[in-house]
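User: I would like a close look at one part of this model and at its surroundings. Please set the answer out as one connected account.
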Amino acid sequence: MLKYIHENYRNPIYLDEIAGVAGISKGSVLSIFHEYLHTTPVNYLIHCRLRNAAELLVSTDDNVHLIALQTRFDNTGYFCRRFKNSYGITPSEYRNHKLRSRPDNKSQQS
């Protein structure tokens with residue numbers, strides 16, 4: 001189930017698809033996520049998308065709106081709120097902080 005989410009996070013994913021991949025009921029998916037991951041499949045998917053967005057913020061020059069769309073957040077404001085809720089800073093602040101703290105940037109600042 002997790003592999004399916006990780007491989008398909010850029011697409012719409014529905015609970016019945018996750019259940020189908022695992023060959024179990026939707027209720028069983030919910031129970032398994034709750035018991036082992038202490039979250040819902042939807043929240044797990046959102047955090048997967050946010051982790052990938054964080055990687056894109058550092059590895060590309062794409063703007064925040066484009067990264068939101070690439071990671072399947074159709075509303076940039078919602079993306080920014082969820083990102084800040086998870087990381088404690090906005091996507092732009094995250095990018096700036098990560099780029100400033102890169103080892104290759106420190107050698108240029110000396």
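Which residues does I13 touch, not counting residues up to four places away in sequence?

Analyst: This is a predicted model, in which local features need pLDDT of at least 70 and side-chain atom pairs count only at pLDDT 80 or more, whereas totals for chains, interfaces and linings use all residues. Residues are numbered from 1 along each chain as its sequence is written, and side-chain values use heavy atoms, with hydrogens and water left out.

I13 touches Y4, I5, N8, I18, L45 and R49 once residues up to four places away in sequence are set aside; contact here means heavy atoms within 4.5 Å. I13 itself belongs to the loop between α1 (2–8) and α2, where helices are DSSP runs of H or I with at least four residues, numbered from the N terminus. With a relative accessible area of 13%, I13 is buried; the classes are buried under 20%, exposed over 50% and partly exposed in between, for a 1.4 Å probe and protein chains only. The partner L45 stands 32 residues away from I13 along the chain, yet their C-alpha atoms are separated by 8.4 Å.

I13 also takes part in the largest pocket, whose volume is about 200 Å³. The pocket is lined by 15 residues, and I13, V42, L45, I46 and R49 are the closest to its centre. A pocket is an open set of points on a 1 Å grid over the protein atoms alone, where a 1.4 Å probe fits and protein lies on both sides within 12 Å along at least five of seven lines; lining residues have an atom within 4 Å of a point. Its volume is the space filled by probe spheres set on the points, which are joined across faces, edges and corners. α2 (15–22) and α4 each supply at least two residues of the lining, and α4 gives the largest share, 5 residues.

From the pocket, the account passes to the nonpolar cores. In soluble globular proteins, nonpolar side chains tend to be buried together. The largest core has 14 residues, and L50, L57, I67, F73, F79, F83 and Y94 have the most contacts inside it. Each of α4 (41–59), α5 (64–70) and α6 supplies at least two residues of this core, and the largest share, 7 residues, comes from α4. Apart from this core lies another, of 10 residues, among them I18, A19, F33 and L45. Such a core is a set of buried Ala, Val, Leu, Ile, Met, Phe, Trp, Tyr and Cys residues joined through side-chain atoms within 4.5 Å. Two of its members, I18 and L45, are also among the residues that I13 touches.

I46 and R49, which line the pocket, are both in contact with F73, as are L50, A68, Y78 and F79, leaving aside neighbours within four places in sequence. F73 and F79 are both buried.

The aromatic side chains can now be considered as a group. The whole structure holds 7 aromatic pairs. The rings of F73 and F79 have centres 5.2 Å apart and planes at 50°, so this pair is tilted. F83 and Y87, by contrast, form a stacked pair, at 4.4 Å centre to centre with 15° between the planes. Rings of Phe, Tyr and Trp (its six-membered ring) pair if their centres lie within 6.5 Å; planes under 30 degrees apart count as stacked, over 60 as edge-to-face and the rest as tilted. F83 and Y87 are 4 residues apart in helix α6 (residues 76–87), so about one helical turn separates them. F83 is buried at a relative accessible area of 0%, whereas Y87 is partly exposed at 30%. One aromatic cluster is formed by F73, Y78, F79, F83, Y87 and Y94.

Y94 leads back to α4, the helix that holds V58. V58 is in contact with Y94, K98, L99 and R102, its neighbours within four places in sequence being left aside. V58 and P91 are 33 residues apart in sequence, with 9.9 Å between their C-alpha atoms.

Two loop residues complete the account. Most residues other than glycine have a negative phi. H38, in the loop between α3 (26–37) and α4, nevertheless has a positive phi of about 55°, and at 64% relative accessibility H38 is exposed. R72, in the loop between α5 and α6, likewise has a positive phi, near 70°, and is partly exposed at 33%.
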